[in-house]
Amino acid sequence: MDSRLLRADAAIVGVGAAGLSLLAHLGRAGWRGTVVVVDDGATPLAERNWAWWSTGEGLLDAHATVVHGRARVAGQDWTRDLDLAPYAYRTITGEDLRAFATAPGESVHAVEWVAGTATGMRRHREGVEVEARAPDGSRVLIRSPQVFDSVGLAVPGHAVAGPHLDFLGWGVWSDRDIFTRDLVTFMDFRTAQDRGVAFMHVLPTSARVALVERTVFASGGAEGEIDHEPHLLRYLDEVLGAPDAEWSVVQGGTIPLDVPARSVPGVAGLTLLGSPAGAVKASTGYAFARIQAHSARIAAAMVQDAARARDDARGADDATPAGGGEAPARGDGVDVRGPASSRWYARLDRALLTAVREDPDGARRVLEELLLRATPEQLLRFLDEDLPLRQQLSLGARLPYSVFPRAYGRTFAGRTRL
């Protein structure tokens, strides 16, 4: 079978939120190298979208496909609508993110897209070599001094069985107004809780069209697949009052939780992205904002690395500033670890996951009380791991942690394994 060899200043494995975000940040940071991107196409970009909340200052904030200024949270017998200002809840589609990442005049120097499945990575005298198989079975070798792995090929078993989010999302549309355009349903617990802590999420794009998704915090020991369909149908009927709405499946799967931040020791020039790098926040499953922060740090390091290489090549007196628009010199490569939580927040996340496994009703009650009692800014800053400790303690004093003291005690004593 034929094979071909590609060389580039950088290579990205996986076209998801992490790979595309890094591409966007590299271009906006002024890095002007060549990039090879390899992806198997298993999940088309047309079927992907990612959400985050922010105050509008991020690189992608102004380019979100949909922006919501209000959010609804709900429990078994209550609902609460929140004005999110100064935050907004933003969503971007896969196609819009790719368009932004490759915008003419603002992207990296050149991108070559390779359709194929990455099958291996190894050290090479030119840096790192990635082997991929094209759909026709031919072999593609990609050699680069810097490779970014968002699929976890370099760390086999990174998505081992354990606590995870199991979700199914429907595209729902109706011939009458059933949604509020500016109101995203963030967490609604009015759904069956028999397979773990479960909640509904509704993301409208108009008064008649929305993504309606059901998510379950599931432990690794759960047996059998979770059947979301009857619960989605019940939610359309009983909560949205739209039993006649049409729908189609648009996304579904699992998101592993409690994945620690990782690097690949001893492999210079190989950096992990996304879930393998620990971007997923263990207690929520959200990763997009953390991916942006990681991508920004990587892009800055890449620019600095190229500047150092130019300085070494030309001498200190002839050094040129980084980001000048020319193709970067090849430096020693970068190794920027993933966005790990602080020890405090990591233990809080583990405590919640322990409670979800050991006392799911108690865990749901804590989440409901948090949604009921926190101000919108407190809630989002807490989830962003940016809430001052004094406010955390004040808020925590009003939450029913006593319903599962063993989870917190065992977690903070370091005796729990998830």
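**View 1. Strands β3 and β9 lie side by side in a parallel pair.** In this predicted model, strand β3 covers residues 34-39 and is joined to β9 by 6 bridges. One pair to look for is Asp39, whose bridge partner in β9 is Ala115. As background for this and the later strand views, strands of a sheet pair through backbone hydrogen bonds, in either a parallel or an antiparallel manner.

**View 2. An open sheet holds 5 strands with parallel pairing.** Stepping back from the pair above, you can follow the strand order β9-β3-β2-β13-β19. The edge positions belong to β9 (110-115) and β19 (270-272); each of them has a single partner strand, so one side of each is left without a neighbour in the sheet. From one strand to the next, the twist averages 20°.

**View 3. A hairpin links β6 to β7.** Just 2 residues make the connection between β6 and β7. Strand β6 spans residues 70-75 and strand β7 spans residues 78-83; the two run antiparallel and are joined by 6 bridges. Gly75 is a handy place to start, as its bridge partner in β7 is Trp78.

**View 4. Strand β6 also pairs with β15.** Here the pairing is in the parallel sense, with 5 bridges between β6 and strand β15 (residues 183-188). Look for Arg70, which stands opposite Leu183 of β15. Taken with the previous view, β6 has an antiparallel pairing with β7 and a parallel pairing with β15.

**View 5. His228 is buried in a loop.** The loop in question runs between β17 (209-218) and α3 (229-238). With a relative accessibility of 3%, His228 falls under the 20% cut-off and therefore counts as buried. Its side chain makes a polar contact with the side chain of Asp166, at 2.7 Å. Leaving aside residues up to four places away in sequence, His228 touches Asp166, Phe167, Leu168, Arg214 and Val216.

**View 6. Helices α5 and α6 cross obliquely.** Helix α5 takes in residues 343-358 and helix α6 residues 360-373; their axes come within 5 Å and cross at roughly 135°. This angle lies between 115 and 145 degrees, which is why the two helices count as oblique to each other. On the α5 side, the contact is made by Leu352, Ala355, Val356, Arg357 and Glu358, which meet Pro360, Ala363 and Leu367 of α6. Sorted by class, this contact has 6 nonpolar and 2 charged residues, with no polar ones.

Conventions. Residues are numbered from 1 along each chain as its sequence is written. This is a predicted model: local features need pLDDT of at least 70, side-chain atom pairs count only at pLDDT 80 or more; totals for chains, interfaces and linings use all residues. Side-chain values use heavy atoms; hydrogens and water are left out. Axes are lines fitted to C-alpha atoms, for helices over the stretch in contact, and angles run from 0 to 180 degrees between N-to-C directions. Helices (H or I, at least four residues) and strands (E, at least two) are DSSP runs, numbered from the N terminus. Angles under 35 degrees count as roughly parallel, over 145 as roughly antiparallel, 65 to 115 as roughly perpendicular and the rest as oblique. Contact means heavy atoms within 4.5 Å. Ala, Val, Leu, Ile, Met, Phe, Trp, Tyr, Cys and Pro count as nonpolar, Asp, Glu, Lys and Arg as charged, and the others, Gly among them, as polar. Two strands pair if DSSP finds at least two bridges between them. Buried means under 20% relative accessible area, exposed over 50%, partly exposed in between (1.4 Å probe, protein chains only). A polar contact is a pair of N or O atoms within 3.5 Å; within protein, one must be able to donate a hydrogen and the other to accept it, and residues adjacent in sequence count only if both atoms are side-chain atoms.
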